[in-house]
Amino acid sequence: MTETKAKILLVEDHPSLSFVVKEALQKTGYDVVHCSDSESGWQQFMKHNFDLCLLDVVLPKKNGMQLASQIRTVNETIPILMLTSKNLDDDKIAGFKSGADDYITKPFNLQELLLRVQVFLKRTKKKDEGPTSFKIGNLDFDYKNLLLKGDKVEYQLTQREADLIKYLHQNSNRVLKRDEILLHVWGKEDYFLGRSMDVFITKVRKYLRDQPGIELQTVHGVGFKLVYNPQP
């Protein structure tokens, strides 16, 4: 079993191959979300916080290279491994240009696949980022279950909202630059993502607005600051 249960997105339309790969990954200790086409793969990617993507090149609707490019618009760091029956240099070059980190050519040995996954996860394994549950004002924050709740309120958070609250709390009473938040929470600096971040900031501010000793301030021209002075 792996030390930490990494979450993997598997996008593969071949039923028997996807079953075998998913089962092998799960037996190794990974949490696997499987999709059979690129559109559902993209929807799942935006819903969850994945640690690695395994994408088939030939997929219905959009191919794996197009999905990889789409993923790279919001996350520059997540490892992307392409599963392909092609072994042509031109195809590999096109895949790397789309954002792939590596290729695994079919038919492949399952042990080789698992070893490559392990290598990429080790490379990108994050350091301990602090507790995943804590009090913030009078609210209990549960990162793993995406919950923020108090005596009379309960908010079911999205993954991005939970990521943002966690990062702000870890860096409370410090001015965070917009680019810094984008890199740590979204994985990329981007103007349009910045506009999206403003929407999430507004939501988080609404969740915390009645909490004693807490204020999410806008530092104009710079970024944001979570002023956090826990009340005795």
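In this predicted model, strand S4, spanning residues 80–84, is a good place to begin: the strand is mostly covered, with 5 of its 5 residues buried. Its side chains part in two directions, Ile80, Met82 and Thr84 pointing one way and Leu81 and Leu83 the other way, and all of them are buried. This back-and-forth arrangement has a simple background: in a regular strand the side chains alternate between the two faces of the sheet.

Strand S4 has a parallel partner in strand S3 (residues 52–56), to which it is joined by 4 bridges. Within this pairing, leucine 55 is found opposite methionine 82 of S4. Between the two strands the chain passes through helix H3 (residues 64–72), and the resulting β-α-β crossover from S3 to S4 is right-handed. Strand S4 also pairs with strand S5 (residues 102–105), again in the parallel sense and over 4 bridges. Here threonine 84 faces its counterpart, standing opposite threonine 105 in S5.

Strand S3 deserves a look of its own. Of its 5 residues, 5 are buried, so the strand is largely enclosed by the rest of the structure. Leu52, Leu54 and Asp56 point one way from S3, while Cys53 and Leu55 point the other way, and all are buried. Besides its pairing with S4, S3 pairs in the parallel sense with strand S1 (residues 7–11), and 4 bridges link these two strands. In that pairing, leucine 10 stands opposite leucine 54 of S3.

Following strand S1, attention turns to a helix. Helix H1 (residues 15–28) contains 14 residues and reaches 20 Å from its first C-alpha to its last, which is close to the 20 Å expected at 1.5 Å a residue. Ser18, Val21, Ala24 and Leu25 are buried in this helix. When H1 is seen down its axis, the buried residues fall within an arc of 135°, so they line one face of the helix. The face turned away from this buried side carries Pro15, Phe19 and Lys27, which are exposed. Just after H1 comes glycine 29, with a positive phi near 115°.

Another sheet can be picked out further along the chain. It is an open sheet of 3 strands in the order S10-S12-S11, with antiparallel pairing. Strand S10 (176–177) and strand S11 (214–219) stand at its edges, each having a single partner strand, so one side of each is left without a neighbour in the sheet. Strand S11 is joined to strand S12 (residues 223–228) by 6 bridges, and the two run antiparallel. One of the facing pairs here is glutamate 215, which stands opposite valine 227 in S12. Helix H6 (residues 159–170) lies across S10, S11 and S12, and runs at about 70° to S12.

Terms used
Residues are numbered from 1 along each chain as its sequence is written. This is a predicted model: local features need pLDDT of at least 70, side-chain atom pairs count only at pLDDT 80 or more; totals for chains, interfaces and linings use all residues. Side-chain values use heavy atoms; hydrogens and water are left out. Buried means under 20% relative accessible area, exposed over 50%, partly exposed in between (1.4 Å probe, protein chains only). Two strands pair if DSSP finds at least two bridges between them. A crossover is right-handed if, with the strands pointing away from the viewer, the path from the first strand over the helix to the second runs clockwise. Contact means heavy atoms within 4.5 Å. Axes are lines fitted to C-alpha atoms, for helices over the stretch in contact, and angles run from 0 to 180 degrees between N-to-C directions. The expected span of a helix is 1.5 Å times one less than its number of residues. The arc is that of the directions from the helix axis to the C-beta atoms.
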